[in-house]
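I am opening a fresh page for this protein. My plan is to look at its surface, then its interior, and then its overall layout.

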Amino acid sequence: DGLGPRRAGMLGMSLLMGARGVGALIGPLVGGYWAGQRQTRMRLGIFFGFLSVAAGYIALGLAPTLGWAVATVILAHAGGSLIWVFSTTLLQLQTQDRFRGRVFSADFGFLVITMSFVTYLAGIAIDAGLSVQTLSVAVGVSAFLPAVLWLLALRLWRECRPDLIVLDLTLPLCGGDEVLRRIRAEDPDTRILILSARGQEADK
């Protein structure tokens, strides 16, 4: 109560910015512990991340106190960080080693461009008279759209899963061993029939 308006504003902004960092740390830590190396859980975790972003920003627009606002920002950015980490990990796992640097650079570049564009639009909306609370709720509601689209994509992915995979270990390029590793990382319960002309003891 002894703080002036300027100092109170600076303190509030500092706490909210710090809450973003806390959320960005908590999201991947908790999500990574839950998902482990299972790609199916990473995909599901992305869906939960979208829901967390939506709930966090809607709650931020309705927060009655600074403490509640800090908690909602932590929730929102925990979800956003979870989406980023899981989606990037899945992308890298599906990319050959020689392309990973370029793929990661392009992915990060598109992320920065998108964040800059959205931030610019938010600034224009606020300058036009839209309240920060209304904008926050609108951002939260808009996060439900990618959540629904991702849920539909997960359904299509489950429907396209094969009952049995026939794998030749002598595949060119990445090799059958690498393909087998990726399949097991994708879904350990996948049934695989291995066909190979390898007959050495070391190949067993």
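Which residues make a nonpolar surface patch of about 450 Å²? Before answering I note that I am working from a predicted model. I looked the patch up and found that Val22, Leu25, Ile26, Leu29 and Val30 make it.

I then took one of these residues by itself: Leu29 has its place in helix α1, which covers residues 5-35. Leu29 counts as exposed because its relative accessibility is 54%, and the cut-off for exposed is over 50%. I set beside this the general tendency of nonpolar side chains in soluble globular proteins to be buried together.

Next I turned to the interior, where the largest nonpolar core holds 14 residues, and Met42, Ile46, Phe50, Ile83 and Phe86 are those that touch the most other members. The elements that give two or more residues to this core are α2 (39-62), α3 (66-93) and α6 (144-159), and α2 gives the most, with six residues. I followed Met42 further and, leaving aside its neighbours within four places in sequence, found it in contact with Ala35, Gly36, Gln37, Phe86, Thr89 and Leu90.

Last, I recorded the layout: the protein has seven helices and two strands, which follow the pattern α-α-α-α-α-α-β-α-β along the sequence. Of the contacts with a separation of 6 or more, 72% are between residues 24 or more positions apart. Buried residues make up 25% of the 204 residues, and the accessible surface comes to about 13400 Å², with 68% of it belonging to carbon and sulfur atoms.

Note on methods
Residues are numbered from 1 along each chain as its sequence is written. This is a predicted model: local features need pLDDT of at least 70, side-chain atom pairs count only at pLDDT 80 or more; totals for chains, interfaces and linings use all residues. Side-chain values use heavy atoms; hydrogens and water are left out. Helices (H or I, at least four residues) and strands (E, at least two) are DSSP runs, numbered from the N terminus. Buried means under 20% relative accessible area, exposed over 50%, partly exposed in between (1.4 Å probe, protein chains only). Contact means heavy atoms within 4.5 Å. Accessible areas come from the Shrake-Rupley method with a 1.4 Å probe; for residues, only the protein chains shown count as cover. A nonpolar core is a set of buried Ala, Val, Leu, Ile, Met, Phe, Trp, Tyr and Cys residues joined through side-chain atoms within 4.5 Å. Patches are made of residues with over 30% relative accessible area and no salt bridge: like charges are joined within 9 Å, nonpolar side chains (Val, Leu, Ile, Met, Phe, Trp, Tyr) within 5 Å. A salt bridge is a side-chain nitrogen of Lys or Arg within 4 Å of a carboxyl oxygen of Asp or Glu.
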